[in-house]
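Me: Please give a close look at a single part of this model, in formal terms that a first-year student can follow. Please begin with the overall arrangement.

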Amino acid sequence: MIDDDIKKGAELIREGKLVTFPTETVYGLGADATNDRAVVNIYSAKGRPTFNPLIVHVTSLEEAKKYGEFNAVAEKLANCFWPGPMTLVVKRIPNCGISYMVTAGLDTIAIRVPSNEIARRFLEACGTPVAAPSANASGKVSSTTAEHVRESLGSRAGFIIESGKSDIGLESTIILATRDVPVILRPGYITKEDIEKVIGNVEKYDPEKIASGKEGNKPMAPGQLKSHYAPRIPLVMNATNFPTDYAVLAFGKVSDDIHADLNLSESGDLVEAASNLFDYMRRLDTFPYKGIAVMPIPDEGIGVAINDRLRRASQNGFTVKK
Ligand code: TXA
Ligand code: MG
């Protein structure tokens with residue numbers, strides 16, 4: 001059954017169609033990265049601004065080198081963390097065959113080798129690099145199940161290769177690796193500490209700097225929009241008061257006087273919390289709640305990535321009324 005889906009998905013990709021597939025981070029909305037028309041369809045299916053470039057998914061570092069220039073740092077990172085939840089932004093090889101729609105006019109390219117078994121078999125079967133953003137409407141919460149994909153995109157998701165819940169549940173760590181000291185553009189499961197163990201110096205994730213930073217005269221991270229992952233109702237992070245009409249998204253032990261609607265991890269495990277985050281945000285984004293109050297999450301390890309997503313999700317102009 002899954003074998004048939006992988007085969008069918010790969011055929012559709014080669015025909016220039018959209019195919020949604022599972023990865024270890026979140027579900028991706030894929031198209032043949034060498035086909036301009038197919039790539040344009042990704043942008044329209046998501047309602048995504050065309051200045052926001054896509055990640056190219058390949059099967060190996062060797063394949064990645066056909067499209068990007070890997071300096072010593074990039075090569076080391078790839079050898080350590082691929083296949084896995086890490087995207088490297090490297091210099092694009094100009095006439096490498098990847099559609100210029102994918103890289104949105106930048107002279108860099110974002111590349112990832114996923115570790116999820118279905119994703120790998122699908123990419124092998126496609127025989128072409130696959131451009132894929134997260135499979136959700138632009139600016140909204142990412143999808144960690146096929147059900148989320150259907151809710152978010154309906155028939156615009158194209159053919160869906162359905163598998164279980166994504167293991168990690170947060171998008172890949174994105175690292176700009178064009179110079180000697182790499183920069184974390186988007187925090188994720190692979191943390192600053194993990195990277196430092198391998199290469200020593202890393203520039204820490206700094207949303208303000210990244211928002212204003214430039215490589216040459218081009219933006220460093222064109223897609224790191226301030227408001228993102230937004231539920232329909234307001235979300236408040238680091239909540240310490242809990243209005244009765246707000247849903248409470250808890251983390252760790254909760255005192256008896258607070259009614260927690262869902263708990264990201266009762267034992268306070270950040271990895272478990274990350275894998276539940278988007279699913280629970282979606283579940284609580286419903287009537288009759290007026291908003292979602294999220295308890296504080298420690299800003300360490302993968303907690304940095306969780307707080308990054310919560311910060312963007314909370315940028316919709318509302319505050320909690322006491
Ligand atoms: O885990 C993931 O990375 C998932 C799965 C499907 O692989 N994909 C994903 O894609 O999260 P998306 O499109 O939702 O996020 C990709 C981010 C965007 O913020 C985009 O701006 C950034 O990568 N990006 C792509 N190319 C870039 C480049 N050349 N320079 C800087 N940022 C880039
Ligand atoms: Mg996304």
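Reply: In this predicted model, 24 residues of domain 1 are in contact with 18 residues of domain 2, where contact means heavy atoms within 4.5 Å. Domain 1 covers residues 2–212 and domain 2 residues 235–313, with bounds from an automatic or database domain assignment. Their centres, taken over C-alpha atoms, are separated by 27 Å.

Residues are numbered from 1 along each chain as its sequence is written, while chains are lettered from A and ligands numbered from 1 in the order in which they are written. Local features need pLDDT of at least 70, side-chain atom pairs count only at pLDDT 80 or more, and totals for chains, interfaces and linings use all residues, while side-chain values use heavy atoms, without hydrogens and water.

The part chosen for the close look is helix 6, residues 117–126. Helices (H or I, at least four residues) and strands (E, at least two) are DSSP runs, numbered from the N terminus. Buried in helix 6 are Ile118, Ala119, Phe122, Leu123 and Cys126; buried means under 20% relative accessible area, exposed over 50%, and partly exposed in between (1.4 Å probe, protein chains only). These residues lie on the same side of helix 6 because they cover an arc of only 130° around the axis, the arc being that of the directions from the helix axis to the C-beta atoms. An α-helix has 3.6 residues a turn, so residues three or four places apart point the same way. On the other side of helix 6, Glu117 and Glu124 are exposed.

The cover over the buried residues of helix 6 includes helix 1 (2–14), strand 1 (19–21), strand 3 (55–57) and strand 7 (130–131).

The two ends of helix 6 can be described as well. At its start, a side-chain oxygen of asparagine 116 comes to within 2.9 Å of the backbone nitrogen of isoleucine 118. This is a polar contact, a pair of N or O atoms within 3.5 Å; within protein, one must be able to donate a hydrogen and the other to accept it, and residues adjacent in sequence count only if both atoms are side-chain atoms. Just after helix 6, glycine 127 has a positive phi of about 70°.

Strand 7, which is part of the cover, is followed by a loop to helix 7 (146–153) in which threonine 144 is found. Threonine 144 is buried, with a relative accessible area of 1%. Beyond its neighbours within four places in sequence, threonine 144 has contacts that include Thr25, Tyr27, Lys165 and Asp279.
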